[in-house]
Amino acid sequence: MRSHAGASTSRRRFLTLAAGGAVAGSAALNGCALQVSTGVSGPGETVTLMVKPDDISPELIKQAQNDIGVKIVTVRYDITKLIGMMTSGSPPDLVRGIGAVDAPYFAARDVMEELDPYFAASGVLKADDLDPVNDLWRYDGRTQGKGPRYGMAKDFSQDSMYWYNTALFEKASVDLPPETEPVTYEQWLESAKRLTQRRNGQTTVFGGSYNGVLTPNLLASLTVSAGGSLFSDDFSRVDFTTPEARKALGWYVDYCRARVGPSIIQPDPNTWDGPTYQANRMAMSNSGYWLGGLINGDEELAPLSRLAPAPIFEGGARISPCQAGTGLWMPRKARNKDAAWRVFEWFFGEAPAEARASSGWGIPTLKSLRHLMPSQKSYEKRVLAVQEAELQYFSVIAFTPYATADSLYALFNQIAPAAMKGDMTVDTLAGRLSSAMNEQLKRGKEQVG
């Protein structure tokens, strides 16, 4: 599965990166600055980052030059361009990625640098200070969450947790959820139905949004919550027909059929939950703690908003995973690794990390920065207490290395709408999804070898 460090990587293996389609994006990498550096590289170096337009601001790039003397050059993230740069022997020095789905995919293709030696030598990023969410960036050649570290998350949320607007609950005469005990998924959906408001056939208030970061890893998490696994032991196959996966899939189809929230058959015009929730047009949003960065900035909305634990399935496990863990990784063939690591340290452990921690846009991935999370106001303290109680239920939900989440998402979007509209049974959908996705996974496994 893995080659030795420094071994040449064939164009064929690089091309397998493109087989699954572009890798999904999520929360932006952002921040401001202020702290000290302990680096291995000198000033005047240049580091190339392949990121998305909003991942790192021009101001932060200037700040890096001032703080650590390293010039950052950005290249727009594009998987085809990434493959071309790698194949030509001039990859970026750091690449953005989503740990929950990207780490096993790229690590299995031997294109990621193992970072354990860098962590061991760092005066900034210590292994014992890393939140367990960073295990999403580990892969041992078979299973995600174990083995070498290949990247780090900038911040995170337990993405099955949800925010709710107490005023909309009171208006609909719906009982508020318990603060630290989970409701069942069935209870959540029943509340969403009662909270939904419609006028003249149009939805004016969504009762609840529950789409996760991407549908494939949402369904993987729901299946584990139901007591099973969506993937086979070697991650080369999916099976939506097992009782647990069928339960997870059935619940999500019921959510879409009920039209209580955004879905591929009822898209939100705002394209994401934030503006809709802020406009009091969404009663619940499973955006996790991360959405607090938006909510806390709204003095009218923040006191009305609560954060609730991830729901459970009756008889299933209580889990509260992270479906993103967006961060950076270093290509194995990067030319300027020492300077890249200095940027990595600065971005994840110094001024930008401190600014992110205090902003409320996600939980810091260094335990030593948790004290910076917003806790001054009464509603911030209340949210923080719920979030801190939930941390113990985090676990890595391992994802397949044989396809991108985007490629499986595309297949889901092709097949599932008929079931969501009531034109296909869930059992038929389960069989068709398994068949189509397993063809994709089979090709990926053959390419990886």
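**Sheets, helix packing and salt bridges in the predicted model**

Tyr139 sits opposite Gln144 of strand 5. This is a predicted model, in which local features need pLDDT of at least 70 and side-chain atom pairs count only at pLDDT 80 or more, while totals for chains, interfaces and linings use all residues. Residues are numbered from 1 along each chain as its sequence is written, and side-chain values use heavy atoms, with hydrogens and water left out. Helices (H or I, at least four residues) and strands (E, at least two) are DSSP runs, numbered from the N terminus.

Back to that first pair: strand 4 (residues 138–139) and strand 5 (residues 144–149) run antiparallel and are joined by two bridges. Two strands are taken as paired if DSSP finds at least two bridges between them. Four residues lie between the strands of this hairpin, and Gly141 adopts a positive phi near 95 degrees there.

On to the sheets. Five strands make up an open sheet of mixed pairing, in the order 2-1-3-13-6. Its edges are strand 2 (70–76) and strand 6 (151–153), each of which pairs on one side only. From one strand to the next, the twist averages 25 degrees. Within this sheet, strand 1 (residues 45–51) and strand 3 (residues 94–98) run parallel and are joined by two bridges; Met50 has Val95 in strand 3 as its bridge partner.

Another open sheet has three strands in the order 11-8-12, with antiparallel pairing. Strand 11 (284–285) and strand 12 (305–308) each have a single partner strand, so one side of each lacks a neighbour in the sheet. Strand 8 (residues 162–165) pairs with strand 12 in the antiparallel sense through four bridges, and Trp163 faces Leu307 of strand 12. In a regular strand, side chains alternate between the two faces of the sheet. Helix 14 (residues 378–390) lies across strand 8 and strand 12, at about 10 degrees to strand 12. Axes here are lines fitted to C-alpha atoms, for helices over the stretch in contact, and angles run from 0 to 180 degrees between N-to-C directions.

Next, helix packing. Two packed helices are described by the angle between their axes and the distance between the axes. For helix 8 (residues 215–225) and helix 9 (residues 243–258), the axes come within 8 Å and cross at roughly 125 degrees. The two helices are therefore oblique to each other; angles under 35 degrees count as roughly parallel, over 145 as roughly antiparallel, 65 to 115 as roughly perpendicular and the rest as oblique. Helix 8 and helix 9 cross in the right-handed sense, where right-handed means that the near helix is turned clockwise from the far one by less than a right angle, and left-handed that it is turned anticlockwise. Residues of helix 8 in this contact include Leu218, Leu219 and Leu222, and among those of helix 9 are Ala248, Leu249 and Trp251. Contact means heavy atoms within 4.5 Å.

Helix 15 (residues 405–415) and helix 17 (residues 426–448) also pack, their axes coming within 10 Å and crossing at roughly 145 degrees. This crossing is right-handed too, with Leu408, Leu411 and Phe412 among the helix 15 residues involved and Leu433, Ala436 and Met437 among those of helix 17. Ile415, in helix 15, counts as buried at 17% relative accessibility. Buried means under 20% relative accessible area, exposed over 50% and partly exposed in between (1.4 Å probe, protein chains only). Beyond neighbours within four places in sequence, Ile415 touches Met424, Leu429, Arg432, Leu433 and Ala436.

As for charged pairs, the whole structure yields twelve salt bridges, each defined as a side-chain nitrogen of Lys or Arg within 4 Å of a carboxyl oxygen of Asp or Glu. One of them joins Asp155 and Arg356 at 4.0 Å, N to O. Asp155 belongs to strand 7 (residues 155–156) and Arg356 to helix 13 (residues 351–359), 201 residues apart. Both Asp155 and Arg356 are buried. Arg382 and Glu179 form another, at 2.4 Å, N to O. Arg382 is in helix 14 and Glu179 in the loop between helix 6 (166–171) and helix 7 (185–195), so this pair ties together parts 203 residues apart in sequence. Arg382 is partly exposed at 36% relative accessible area, and Glu179 is partly exposed at 29%. Arg342 and Glu350 have their closest N and O atoms 3.0 Å apart in a further salt bridge, and both residues are buried. Finally, Asp135, Arg138 and Arg149 are joined into one network by salt bridges that share partners.
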